[in-house]
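Reader: I have a structure in front of me and would like to know how the terms used for it are justified. Please set each value against its cut-off.

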Amino acid sequence: MSDPASKRSTRTPRPDELNKTFDPQPIEARWYEHWMELGLFEAKPRSRKNPFTIAIPPPNITGSLHMGHALIYTLQDVVVRRHRMMNRDTLWLPGTDHAGIATQLMVERALESEGSSRQAIGRQKFEKRAWAWKEEYGGRVLEQLRKLGCSCDWSRLHFTLDADLSRAVREAFVRLYEEGLIYRGEYIVNWCPRCRTALSDLEVVHEETAGKLYEIRYPLADKSGDLRVATTRPETLLGDTAVAVHPKDPRYQSLIGRRVRLPVLGREIPVIADDWVDREFGTGAVKVTPAHDPNDFKLGQRHRLPSVKVMDETGVMTAEAGPFEGLDRAECRTRIVERLKEDGLLVGTRDHTLALGRCQRCRTVVEPFLSRQWFVRIAPLAKPATQAVRQGRIRFVPEMWSKTYFEWMNNIHDWCISRQLWWGHRIPAWHCRSCDHVEVSREDPASCSACKGSVEQDPDVLDTWFSSALWPLSTLGWPDRTPDLKRYYPTSALITGFDIIFFWVARMIMMGLHFMGDVPFREVYFSGLVRDAQGQKMSKTRGNVIDPLEVFEQYGTDAVRFTLASLTSPGADIPLAAKRMEGYRAFANKLWNAARFVLMNLRGNEDRFRIRQNELSIVDRWILDGLHRVTRTVNEALDQYRFDQAASALYQFIWHQFCDWYIELVKPCLTGPESESRNAARSRAVLVKVLDSVLRLLHPFMPFITEDLWQRLPHRGKSLAAADYPVAKGTRPHAGAARDMERVLEIISCVRHVRAESNIDPGRRIHLLLRTRSRSRRTLLEGSRESIRHLARCENVQIVTTLKATGPAARGVAQDVEFAIPLEGMLDLDAEQRRLKREIDRLSEDMEVQQRKLSNPSFISKAPATVVGKTRTDFEAMNEKKSRLEETLRQIGLN
């Protein structure tokens, strides 16, 4: 692979062109505009490169970016940018979802604020208002995606109500209907009285709620006794058409087939037997209300019971409710309980916890409601979708989500796809006004094909998730066999939250297999949820919501992106803390200053940037070995969606190995008398090589700062976004030199540690004595004398055969190298001895307090485990420090 051809730029910026502190705001908009001008994000269907495709989970037009969005889109962008740099024809399909219920709620609220309603203005005007709302607010989330740095192909932007996608939706509906996979029927559905629409099971949020269990007497019709029934919803008894008992329950054997009188209304209903009844719940006898309970509906069908609707679509009691007609369902419950008490039919009540279903959008309590709806017959679609994952045609990461997927697919119910809304894809079915014929058609029919009578279109719209299920194929041109569809389907991967595995992922698999004969994607990565620093779910009520746009401004987009990636581990939620973002803001500044140092020391002569292998020092070989290893680690991690491991490897290499060690090791050569020597030229060459490579490796995570710095280095091509991504080929060529250099660095670290423990002024240069019995190690020390002298802040470094120091000395060992630091003249020994004794005494007192706690059985058994663990850890740390100080005191006392 090679970078896009362009005139080579070797201009070295003046040092004052790069500010001392990194300020992200000025560069972010500039470089995004630069990428857009170059058209770098646009896929090329005629390219000979291998394609790589991802379809974005389309955000709702009602929304603005939240941290969950920021996480998903960051991870997608990391993957997309890397594959683009790996010379793939990369397509990231962007778009937005019309969000049926959510958008309709927004527009209705706007109308309410004007003193109007959708019913008052009518369907046509309401749809115009919804489109106007979309034009005004729908692009907000797209601008936020650009702010995040998302490298989508904006020339292929889609909206689920666009004409081409609407045609695909109609085609899918008609085909499924013609194949007998879509039908219309009366069934119990989840009904929201506020939104006045049916909801799928997935659109209902169940919350544990404190309720009541009411025990009610149903008098036998012959007045010979009564049957006691337990229920949590007494208001629905008005719609009862039977009482059911278990056929083997001895308590009720004699009552099966007899009749009871319905409380309040006095209607006679039968006592029936059914295996479904739970003998252990309540009294073992249950009321049967086919029109208002899904289980009762099935039971009613088995026993051919009538369905009596006592509630309308707004949750108000109907004429079938008798004296309670016109009451709200909640008020009806209160009134009917009072009536039961008056009639002596309420045996009693007791507390009972129930899982109360609420509308996901408006939080209204959902009502099981008998309604005529459109359904997808799901079993024939679910079977091949299950097999596709089981056979490995689609890989789930982490794999544990496969089990969840299989459990749901094996117990799936038919999908209610009709919604009683005005905003969305209207169902392509027309009802004859003269006969019962229903016409489902790709084109709007002029009349009924059966009787030529006039027709009217079904008023319902499709569930939003129906169009979303077609997203991977409709956005590529289906049902037409477009060049995009041929080249980019199946897409390569999907990155999404696990919370929509059933809403979206499963349905895309079903639709893709059914209409295309192939899976819609090869891999699915499921991310966790973004939580606060304590692991709590973010919510407005808790006050712990983090606004992505605010943290972009505060820390810079790159720092936020890197934070999210570094915290993303398969199967785990993401605890997001401000400290992590602050830390990665500092990381960006560290990188900025490292690049500033490199740029300030370049000379502008291209020949000096050629790395000659035979001239490489041990320090150069060490850093190049580290670059080789981090390159391999990052690529292997990203291949497995281990964003956390890739980010950690980059952070460790850049901050510690490159900035803390390598730059410091080569500084004397670049800034001292040898700055124009061949050694200095070699160091500049390695610096540029390493910095260029880490900017490429880091670019998918932190695109803005890396682009800005890369543009200032000598480079080929117009953008880092189109440069080659580094790949580690073969074995480590400098592994031996790297191991030797690690030994040198360990010596330096040990000397620094002993200096600090001995309280030697950090600015004071020391005399250092080194001794080793190994001939090869001695040779290594001789060759690394200058590095040790510089980084350990030594006046001189002596390599000796016998480690003898005149007077007191601080001593240490690093592997097989012993060292001594003569302390005479370095510090006031008497004062230092007194200081060390005071510190040792203080530690002893603190340790005694901690030891008393740990010896107390009451503390161990009653204190939280985290507190006990921290106490133990603190005690061990103090004990270790005390031992070190005692050793230092001993060494100072030697004469």
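Reader: Why is Arg-196 called partly exposed?

Author: This is a predicted model, and the values below are computed from it. Arg-196 has a relative accessible area of 32%. Buried means under 20% and exposed means over 50%, with partly exposed in between; Arg-196 therefore counts as partly exposed. Arg-196 lies in the loop between β5 (182-192) and β6 (197-199). Its phi is near 55 degrees, a positive value in a residue other than glycine.

Reader: Is Val-264 buried or exposed, and what makes it so?

Author: Val-264 has a relative accessible area of 18%. The limit for buried is under 20%, so Val-264 is buried. Val-264 is found in the loop between β10 and β11, and its phi is near 70 degrees, again a positive value in a residue other than glycine.

Reader: Which strands does that loop join, and how are they paired?

Author: β10 and strand β11 (residues 268-273) are joined by three bridges and run antiparallel. Two strands pair if there are at least two bridges between them, and β10 and β11 have three. Within this pair, Arg-259 stands opposite Pro-270 in β11.

Reader: What sheet do these strands belong to, and in what order do its strands come?

Author: Four strands form an open sheet in the order β10-β11-β9-β12, with mixed pairing. β10 (259-261) and β12 (285-288) each have a single partner strand, so they stand at the edges and one side of each is left without a neighbour in the sheet. From one strand to the next, the twist averages 30 degrees.

Reader: Why is strand β2 described as largely enclosed?

Author: Strand β2 (residues 89-93) has five residues, and five of the five are buried, so β2 is largely enclosed by the rest of the structure. Both of its faces are covered: Asp-89, Leu-91 and Leu-93 are buried on one side, and Thr-90 and Trp-92 on the other.

Reader: How do you know that strand β1 pairs with β2?

Author: The pairing rule asks for at least two bridges. Five bridges join strand β1 (residues 51-55) to β2, and the two run parallel. In this pair, Ala-55 stands opposite Leu-93 in β2.

Reader: What makes helix α17 oblique to α20?

Author: Two packed helices are described by the angle between their axes and the distance between the axes. Helix α17 (residues 557-566) and helix α20 (residues 643-671) pack at an angle of about 125 degrees, with their axes 7 Å apart. Angles of 65 to 115 degrees count as roughly perpendicular and those over 145 as roughly antiparallel. The angle of about 125 degrees fits neither range, so α17 is oblique to α20. Phe-562, Ala-565 and Ser-566 of α17 make the contact with Phe-643, Asp-644, Ala-647 and Tyr-651 of α20. By class, this contact has five nonpolar, one polar and one charged residues.

Reader: How do you know that Cys-332 is not in a disulfide?

Author: A disulfide needs a pair of cysteine sulfur atoms within 2.5 Å. The closest cysteine sulfur to that of Cys-332 is in Cys-192, 19 Å away, which is too far for a bond. Cys-332 has a relative accessible area of 0%, so it is buried.

Reader: What about Cys-794, and how many disulfides are counted?

Author: Cys-794 is in no disulfide, as the nearest cysteine sulfur, that of Cys-750, is 13 Å away. At 0% relative accessibility, Cys-794 counts as buried. The count by this rule comes to zero disulfides.

Reader: Why is Ser-402 called buried?

Author: The relative accessible area of Ser-402 is 6%. Buried means under 20%, so Ser-402 is buried. Ser-402 lies in helix α11 (residues 401-410). Leaving out residues up to four places away in sequence, Ser-402 touches Val-389 and Phe-396.

Reader: Does Pro-857 count as buried or exposed, and why?

Author: Pro-857 has 63% relative accessibility. Exposed means over 50%, so Pro-857 counts as exposed. Its place is in helix α27 (residues 857-862). The C-alpha atoms of Pro-857 and Glu-824 are separated by 50 Å, with the two residues 33 apart along the chain.

Methods. Residues numbered from 1 in each chain as written. Predicted model: local features only at pLDDT ≥ 70, side-chain atom pairs only at ≥ 80, totals over all residues. Heavy atoms only, no water. Axes fitted to C-alpha atoms, helices over the stretch in contact; angles between N-to-C directions. Parallel < 35°, antiparallel > 145°, perpendicular 65-115°, else oblique. Contact = heavy atoms within 4.5 Å. Nonpolar A, V, L, I, M, F, W, Y, C, P; charged D, E, K, R; others polar. Buried < 20%, exposed > 50% of the residue type's maximum accessible area, 1.4 Å probe, protein only.
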